[in-house]
Amino acid sequence: PKALVAVAKAPGSDIETDRPRWMNRYTFLIATVSAAIGIGNVVRFPYLTFKHGGSTFIWTYVYALFVIGIPMLILELTLGQKMQKGSAGSMRGIVPRLAGIGYVASFSGFVTALTYNIILGISIIYLFSASSQPYSAANFNSSRNIGCQTAEMMQKPSEEIYLFTEVVNLYGEYCDVYQSGDPGSFSMPLFWSNAFCWFFCCLIMVVGPRAIEIKAILTLPLRFIFIIVFVVNYMGLNNKESGDAIGWYLNGTQFPLPSAEGEATTF
């Protein structure tokens, strides 16, 4: 937008630029936090904490955060603020030969967008089907159900079979698992939902910082809402298990699993 474009020196910089500006420092801070806190912080981090030893993993994560993560974030923001250019242009401004590092950084962001847009596409499919829950054991009805009635596939939950047959088409016509070299199976619902995600991302990039600010302001609170919901749900689980759930999650206490005979076992 023309209102956001002005030839001026950026704060703390001696370089004149006509790049679109952020509305103010607070919206920039919100956009930065929104970029740093992703879906992995909400969904995957608790899983990794439980998998890798609870508090041991958390302390290792905090150490890496303050030694590597935060300094690298500050360095990246400072470099962009000083040079007023993208990643390749900023690195070229230091030494021309370093431009390749900037291109690699941009490509890494593109690869990350590929992964997350597919995840978002799958989420959109489930968003529209969540009310009817076609993936539940009571409602699951696939045209490939007959091929899934084998001893191996019967052990898999209906939710997994639904995901791999109806959403991503990883399982073939007779519920056989896709192998390298097999002809691919196209999933139209996933294609259109993924295309919508890419259209939305491209639209935001074309509009510029104002659209990014609005998107960040609307979506950032959702992350904290999800975290609060999960914490409340976990507290209920902990109370139900007489306080043992915190030990399973953070203290490395062995988690009881039902054995084949129906008795609890641990790992």
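In what order do the elements of the chain run from the N terminus on? The answer is β-β-α-α-α-α-α-α-α-α-α-α-β-β, in a model that is predicted. Put as a tally, that comes to ten helices and four strands.

Let's get a feel for the whole chain before zooming in. There are 267 residues, and 22% of them count as buried. The accessible surface comes to about 18,500 Å², with carbon and sulfur atoms owning 68% of that. As for contacts with a separation of 6 or more, 47% of them are between residues 24 or more positions apart.

Now for the inside. The largest nonpolar core is made of five residues, namely Ile 125, Tyr 135, Tyr 162, Val 167 and Leu 190. Take Ile 125 as a way in: leaving aside residues up to four places away in sequence, Ile 125 touches Val 167, Pro 189, Leu 190 and Ser 193. Two of these, Val 167 and Leu 190, are core members as well.

Another place to look for buried residues is helix α4, which spans residues 87–94. Ala 88, Gly 89, Ser 90 and Met 91 are buried there. What do the buried residues of α4 pack against? Their partners are α3 and α5, the latter covering 99–129.

Helix α3 deserves a stop of its own. Ile 70 has its place in this helix, which runs over residues 55–83. With a relative accessible area of 31%, Ile 70 is partly exposed. A nonpolar patch on the surface takes in Ile 70 along with Tyr 61, Tyr 63, Leu 65, Phe 66, Val 67, Ile 68, Met 72, Ile 74 and Leu 75. Together these residues have about 980 Å² of accessible area. Patch residues need over 30% relative accessible area, so Ile 70, at 31%, meets that cut-off.

On to the rings, where the count comes to eight aromatic pairs. In one of them, Phe 45 and Phe 57 have ring centres 5.7 Å apart and planes at 50°, so the pair is tilted. Phe 45 sits in helix α2 (residues 39–51) and Phe 57 in helix α3, so this pair ties together parts that are twelve residues apart in sequence. Buried or partly exposed? Phe 45 is partly exposed at a relative accessible area of 23%, while Phe 57 counts as buried at 18%. Phe 57 also forms an aromatic pair with Tyr 61, this one stacked, at 6.5 Å centre to centre and 25° between the planes. Both Phe 57 and Tyr 61 lie in helix α3, four residues apart, or about one turn of the helix. An α-helix has 3.6 residues a turn, so residues three or four places apart point the same way. Tyr 61 is partly exposed, at 34% relative accessible area, and is also one of the residues in the surface patch. Chain the ring pairs up and you have a cluster of Phe 45, Phe 57 and Tyr 61.

Last, the charges. How many salt bridges does the structure hold? Just one: Arg 210 pairs with Glu 213, and their closest N and O atoms are 3.7 Å apart. Side chains of opposite charge can pair when their charged atoms come close. Arg 210 and Glu 213 are three residues apart in helix α9 (residues 209–240), so about one helical turn separates them. Arg 210 is partly exposed, with a relative accessible area of 33%, whereas Glu 213 is buried at 1%.

Methods: Residues numbered from 1 in each chain as written. Predicted model: local features only at pLDDT ≥ 70, side-chain atom pairs only at ≥ 80, totals over all residues. Heavy atoms only, no water. Helix = DSSP H or I, 4+ residues; strand = E, 2+ residues; numbered from the N terminus. Buried < 20%, exposed > 50% of the residue type's maximum accessible area, 1.4 Å probe, protein only. Contact = heavy atoms within 4.5 Å. Areas by Shrake-Rupley, 256 points an atom, 1.4 Å probe, with all protein chains shown as cover. Core = buried A, V, L, I, M, F, W, Y, C linked by side-chain atoms within 4.5 Å. Patch = residues over 30% accessible without salt bridge, like charges linked within 9 Å, V, L, I, M, F, W, Y side chains within 5 Å. Salt bridge = Lys/Arg side-chain N within 4 Å of Asp/Glu carboxyl O. Phe/Tyr/Trp six-rings, centres within 6.5 Å; stacked < 30°, edge-to-face > 60°.
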